[in-house]
Structures are given as C-alpha cells and as structure tokens.
Amino acid sequence: MKLKFLSAFLLFISASFVLWGQETQLTIEAESRTRALDDNGYKCPKLSNEDPVFYLTQRTRLNAGFENKNLETYVAIQDVRLWGDDDSYSASGVYGNTESLRLYQGWAKLKIVEPLSIKIGRQVFSYDDQRILSARSWNDYQVTYDALLVDYVIEKHQFNLGLSFNADNKNDFSYPNKKFKTLDFLHYEYAADKWSLTGIALVSGNTLTDSTDKVVYKGTYGANLNIKGSPIKLRLSAYYQHHLNSVGEDVSACCLSFFADYDVVEKLNVGVGMDVLSGNKSNATSSVNHRFDILYGRRHGWYGYMDFFSTTPEQGLWDNMLKIKYKPYRNLSLSADCHYFLLAANRYDGNRKLSRKLGEELDLKAKWRFYESATLEAGYSIYGVTNTLKSIKNIEGSSIKTPQYFYLMLSMSLSKCM
C-alpha cells in the first residue's frame, strides 16, 4: 500500500514537470508536526489508582499542487504515528508501521468559466464557525471527504454545493452505521467589508445498522452572522436539526451560539460567549430525540481543550466561556480560556434530579513562532469535576484525580513554488 501511494505521488510530480512551462505553476510542500502529551485525565478523569500516561505523536506530510489557467490538482500524502507503535520489527531493529501511510487529500479542480469551478476527489470541508463541518486540526489525521464540490463566486456572493456517496465495496449497499453513507450540503456566503452572513443546509444519511441498506436521513440547517467591527467583534449562529424520512427515530434539536470579543488595548483581547446544544431529559417519555449532533464539526477548543464533550452529552450542553488573548510580541501569543459547563436538560438518578453543573475548565496556551516556518506551542488544562460529570462518565462513587494534561507541539513546514 505504501509503494502504491508513493508511486502515484511521484508519477503526479513527474507529470507536472512535463507540463511545466505551459503557463503552469507547481508547488511542493513538506510538513512535520510532533506533539508530546502528558495525560493525567485528558478526555476522561482518571481514577486515583491510575498513573499518568506520556506519549508522543508525529504527523508528516508531503504535498504537491499543480495549477494552470483551466485546471488545478492537489495531492497530499501523510504518515501519522505514535512513537514506538511500529508493527514491523525484530530484536535487531524497528522497520516501520504497515498502516501509517495514507492519502490525506487528492483532488482535481476544473475551472469551467470565471465564476464557476468543480472540484472532485478527497478534500477538506470547513465552513462558518466549524460547528458541523471542520478540518479539526488537533486530530493528527484531520478530517477529509470523498466528494464533489461545485463553487460559484460572483462579487460578494459565494455558493458551494457538496455531494458525496460512500460504499464499502462494489456489490453491497450496506455500510458501517457510524460512517456517513452520504453527506450533501448547500452553502451560501455574503461577505461585506465589515460583516458577513452565511447559511448552510446539510443532509446526512447513515444506514440503520451495519448490515442493512435502509438509510436514516437527517437535515441540519444553520446561519452565521459575523460583525468585524473595531474594537468589538461579534458572532451569532443558530442551527436546527430534524429527521427527513420514516426510518429511525424522530429528531428535533437545536444549537445556539454567541461570542463577542473586545480589543481592550492593542495587544490584549477579551471575549465572552455562550453555546447551548439541546438534549433529552433523562426521565422524558417523548419519542423525539432532542440531542443535537455536531456531525463532523470541530470539537477541540470549542468545548474546552480537555475534550470531555467531544460527543454531545445525552442531556445536551450549556457552555459559558471567557477568553483572554495577549500578544506581547509579534511572534508570541498567550491565551487563557475559562469554561463553565452545565447540562442543557435535566438528568435523573432514579427519581433524584441531579445538578446540571458539569464543572469548570481552565485552558492555558502559549504559541511562539520562532522561525518563519516553525512554531512551538505549549498548553496546560485543568478541570474541576462535579458528581454530575462523574455520572455522565460512568465513574460515580469512584475516587478520582483532578483532571489535567500538558502538551508541547512543534510544527514546521517548507514550500517551494516553481
């Protein structure tokens, strides 16, 4: 599999060189990102008798893009590994991991006329506040989509139509329930000088089970308003989600988000916001599911860097946040994010109603760009746990440590245009 990827990549570059000189441009880029993480409660609190875990991950990419007046193509090959997880080794040496090399992106874009283009292949989708479609950069693999994208831009208006259809093999319609069988959307953006307005309508389809061909369709609709004034910036977003066919359970869910930030002085910015994702009361008798699904949206950073809520809790989520950014120098930024989490709906333990309080989180981050193409980033997070969070994480009654973790990440990239 590795040889196939590398052979295809080298063939792509060779063909680009053959066509180079015909009013074309070739861009080659190499990226490397290494992250060390000391986990003492990341994603879930650790029990008192559990030891911290320390590990390192690395992502390496080789990208090549070719563009002329009518056509643009892009291929990105990546290797993602946990240091030491190689499955090809012996007592005399380590030889590699047979599954680590993958295609990250591979697409071709046809420029039909000046405002209209079509892009087809494996590509990144990232829109609006990244609530339901995001590249998710914290994830070493990131998220890409096998899809067709129609792009139409005229003056301040932009329309995107995305279409996809997935299969596990050529002979069977069944598909793993956890993966989208189809993901289609229509996105619109109006961009003015000091504000922008966007809207998205997305249809996602999942098979009812891993072994059936019945597909459950769900619609998600949203709007985002961004005001880019100075010194105050404002973002408002709202989403509604419901089922589209008679297969599976009924769905009616929503998400509301507000964030405003203010430039106190030239180097200091303070922001406040609130996110509310609807959920289900645990003692409700309704057959309608009110839990909002964030689909392929961003997790890390939206609901804290501890990633306790990368999947929306059954009773939903209410996140109140305060974010402070300080940039003492052009190449150095410091930030502190405070979150106060609650459930959006009531949760019961038998007949006893639990508190909605899920706890508080503090995230500290420093980012230093010490070379033009090299950045060092460090972060520390700590969480104050409540009994309700223990109930959600299925560790109620257990003695736990105070959840916290630390990471150090080095990112480097170099590119060359020819």
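Residues are termed buried at under 20% relative accessible area, exposed at over 50% and partly exposed in between, with a 1.4 Å probe and protein chains only. The model is a predicted one, in which local features need pLDDT of at least 70 and side-chain atom pairs count only at pLDDT 80 or more, whereas totals for chains, interfaces and linings use all residues. Residues are numbered from 1 along each chain as its sequence is written, and side-chain values use heavy atoms, with hydrogens and water left out.

Salt bridges were defined by a side-chain nitrogen of Lys or Arg within 4 Å of a carboxyl oxygen of Asp or Glu. The structure contains 14 of these. One of them joins D140 to R35, with 3.6 Å between the closest N and O atoms. Helices (H or I, at least four residues) and strands (E, at least two) were taken as DSSP runs and numbered from the N terminus. D140 is placed in the loop between β7 and β8 and R35 in strand β1 (residues 25–40), so the salt bridge ties together parts that are 105 residues apart in sequence. D140 is buried at 9% relative accessibility, and R35 is buried at 8%.

A salt bridge also links the side chains of R131 and D129, at 3.5 Å from N to O. R131 and D129 are both buried. Together with R235 and D275, D129 and R131 belong to a network of salt bridges. Another salt bridge is formed by R352 and D349, with an N to O distance of 3.1 Å; here D349 is partly exposed, its relative accessible area being 46%.

R35 also takes part in a contact with an aromatic ring. A charge was taken to sit over a ring if NZ of Lys or CZ of Arg is within 6 Å of the ring centre and within 35 degrees of the ring normal. R35 lies over the face of W138, 3.8 Å from the ring centre. For K119, the charged end is located over the ring of W107, at 4.4 Å from the centre of that ring.

Aromatic pairs were assigned to rings of Phe, Tyr and Trp (its six-membered ring) with centres within 6.5 Å, and were classed as stacked for planes under 30 degrees apart, edge-to-face for over 60 and tilted for the rest. The whole structure yields 21 such pairs. F125 and Y127 make a tilted pair, with 6.4 Å from centre to centre and 40 degrees between the planes. Both residues, F125 and Y127, are buried. Y145 and Y296 also form a tilted pair, their ring centres being 5.4 Å apart and their planes at 45 degrees. Y145 belongs to strand β8 (residues 145–154) and Y296 to the loop between β16 (288–289) and β17 (317–329), so this pair ties together parts that are 151 residues apart in sequence. Y145 is buried at 5% relative accessibility, whereas Y296 is partly exposed at 24%. F125, Y127, Y145 and Y296 are joined by F180 and F185 in one aromatic cluster.

Several features of the backbone were noted. Most residues other than glycine have a negative phi, and most peptide bonds are trans. The peptide bond from S230 to P231 is cis, with omega near 10 degrees, and P231 is in the loop between β12 (215–227) and β13 (232–243). Q142, a residue other than glycine, has a positive phi near 60 degrees. Q142 is situated in the loop between β7 (116–123) and β8 and is buried, with 13% relative accessible area. D307, likewise not a glycine, has a positive phi of about 60 degrees. The loop between β16 and β17 holds D307, which is buried at a relative accessible area of 6%.

On the surface, a nonpolar patch consists of L236, F258, V272, L322 and I324, with about 350 Å² of accessible area together. Patches were built from residues with over 30% relative accessible area and no salt bridge, joining like charges within 9 Å and nonpolar side chains (Val, Leu, Ile, Met, Phe, Trp, Tyr) within 5 Å; accessible areas come from the Shrake-Rupley method with a 1.4 Å probe, and for residues only the protein chains shown count as cover. L322 lies in strand β17 and is partly exposed at 32% relative accessibility.

With a disulfide defined as a pair of cysteine sulfur atoms within 2.5 Å, the count is 0. The sulfur of C255 has its closest cysteine sulfur in C254, at 7.7 Å, which is too far for a bond. C255 is buried at 0% relative accessibility, while C417 is partly exposed, at 49% relative accessible area.
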